[in-house]
Amino acid sequence: MIQLIRGFKDILPGEVELWQHIEKTARDLFEAFGFKEIRIPIMERTELFARSIGEDTDIVEKEMYTFPDRKGDLLTLRPEATASVVRAYIQHKLYSQDPVQKFCVVGPMFRRERPQKGRYRQFYQIDAEVFGSASPYVDALLVQLLDTLMKRLGVTDVTAHINSLGCPACRPAYREALGTYLSERREALCADCERRRERNPLRVLDCKVPACREAVAEAPALSDYFCEDCRTHFQTVQTCLTDQNVAFTIDPKLVRGLDYYTRTIFEIQTSALGAQSAVAGGGRYDGLVKMLGGPDTPATGFAIGFDRLAEIVAANRGDYTLAPQLFIAALGQACRARTYGWSCELGRAGIRVEMDFSDRSLKSMMKRANRMNAAHVLIVGPQELDNQTAVLRNMQTKVQDEIPFDGLVDSLKDKLR
Ligand code: AMP
């Protein structure tokens, strides 16, 4: 039997209802805050991701699904959504429609990472991106949105970690100071960090290898190098979060793995998923739109790991499966013919109805209705057909009512609503 690809997964009925519930909660929230959905393709030219995410990142270096298509164009399955949203924003000149625009994306992403709990090769993200505002209020708004979503989903075991990466005016001086600090501790660094040290020293700060953690414990702090604008920006973000009762921790070692961030970055972390602590992450990327050929446009955004969020919500809550409100047990062809139209009419009226079209016995139909958790069963056998009266059994109370065929659909609509 052919199995699914390692690191990929099926989301089966039973679990899918939970995903729908999460997606709906997120979409309702996005709608209230003026985010518009944008649907972008699952594949782009490799160059788009290489340039935006950064050549020295784990994603571009070792995780992308890249292949030449039949004409030799180098294509990549999207490892994240931001680059494509920026591409679409520039390509369709969306900036000419309104100075500030908010988009959301829900869909699968692909990274060839080592699969483990909370880490897959096809995973899903819920993304939000805001273009055209450099205001710290927008950064705070995004963290507040994530906080609200978690609360609405009943997720409590999470903390917002925030940091600022400075801007092109103040980061170079910090990079240099950090570079000098790290060059004095070269022997302690892992092989990856030894490579990062020169090309992207900030990434050494969030390496998970214990020796590297120890090596950077006393590293200079970026906040000591902030320019005046970066300092007030970060301060305003914190004030907004405090005012809105969003709990947060300032995490000076948070850098996130992508190259395009400037100023505020954040992550929603949990201890519920073992090694995979990040449920969502994002930040400001003021330089990216211009870097990809668009007008100079500040931007900020986040991505929620849908799979991880679903795992946490599932652990907190029970079953989201919607059971049938009515199960029609018709015994024999004549009864089936008489009741079939009712099942269609009730379904069209929005009642969750299930009908058994087989020749199973009443006993086995009742068993099936029970397994499906049906609230009521409508029993129509030869005797009911003779009397022109069906039996409606409440599966919880076991009380049985007689319902005349005449006007049956209307009286069921009333009873089951
Ligand atoms: P990133 O785009 O790397 O900032 O990721 C944003 C969020 O997506 C993370 O916080 C995770 O929750 C989720 N995520 C990233 N990579 C994976 C993966 N391989 N499997 C499952 N979730 C992931």
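## Exercises on salt bridges and the ligand shell

Arg360 and Asp356 are joined by a salt bridge, with 3.1 Å between their closest N and O atoms; the term stands for a side-chain nitrogen of Lys or Arg within 4 Å of a carboxyl oxygen of Asp or Glu. The model is predicted: local features need pLDDT of at least 70, side-chain atom pairs count only at pLDDT 80 or more, and totals for chains, interfaces and linings use all residues. Residues are numbered from 1 along each chain as its sequence is written, and side-chain values use heavy atoms, with hydrogens and water left out.

**Exercise 1. Classify Arg360 and Asp356 by relative accessible area.**

Step 1. Take the classes: buried is under 20% relative accessible area, exposed is over 50%, and partly exposed is in between (1.4 Å probe, protein chains only).
Step 2. Arg360 has a relative accessible area of 40%, so Arg360 is partly exposed.
Step 3. Asp356 has 2%, so Asp356 counts as buried.

**Exercise 2. Describe the salt bridges of Lys62 and Arg284 with their partners.**

Step 1. Lys62 pairs with Asp58, the closest N and O atoms being 3.9 Å apart.
Step 2. Both residues of this pair, Lys62 and Asp58, belong to helix H3 (residues 58-63) and are four residues apart, about one turn of the helix. Helices (H or I, at least four residues) and strands (E, at least two) are DSSP runs, numbered from the N terminus.
Step 3. Lys62 is partly exposed at 46%, and Asp58 is partly exposed at 23%.
Step 4. Arg284 meets Asp139 at 2.9 Å, N to O. This pair links distant parts of the chain, since Arg284 is in strand S10 and Asp139 in helix H5 (residues 136-152), 145 residues apart.
Step 5. Arg284 and Asp139 are both buried.
Step 6. Asp58 and Lys62 also belong to a salt-bridge network with Glu61, Asp192, Arg195, Arg196 and Arg203. The whole structure has 28 salt bridges.

**Exercise 3. Work out what surrounds the ligand.**

Step 1. There are 15 residues around the ligand, and Arg111, Glu113, Tyr120, Arg256 and Ala278 come nearest. A residue is near a molecule or strand if one of its heavy atoms lies within 4 Å of it.
Step 2. Strands S6 (122-131), S10 (278-284) and S11 (299-305) each supply at least two shell residues; S10 gives the largest share, four residues.
Step 3. The shell holds six nonpolar, four polar and five charged residues. Ala, Val, Leu, Ile, Met, Phe, Trp, Tyr, Cys and Pro count as nonpolar, Asp, Glu, Lys and Arg as charged, and the others, Gly among them, as polar.
Step 4. For ligand oxygen, a side-chain N or O atom of Gln125 lies at 3.1 Å, and a backbone N or O atom of Ala280 at 3.5 Å.
Step 5. For ligand nitrogen, a side-chain N or O atom of Arg308 lies at 3.5 Å. The protein covers 92% of the 480 Å² of accessible area that the ligand has on its own (Shrake-Rupley method, 1.4 Å probe; for residues, only the protein chains shown count as cover).

**Exercise 4. Locate Asn373 and Lys398 and state the sign of phi for each.**

Step 1. Asn373 lies in the loop between helix H13 (362-371) and strand S14 (376-380). Its phi is positive, near 65 degrees, in a residue other than glycine.
Step 2. Asn373 has 55% relative accessibility, so Asn373 counts as exposed.
Step 3. Lys398 lies in the loop between strand S15 (389-394) and strand S16 (400-404). Phi of Lys398 is likewise positive, near 70 degrees.

Notes
A polar contact is a pair of N or O atoms within 3.5 Å; within protein, one must be able to donate a hydrogen and the other to accept it, and residues adjacent in sequence count only if both atoms are side-chain atoms.
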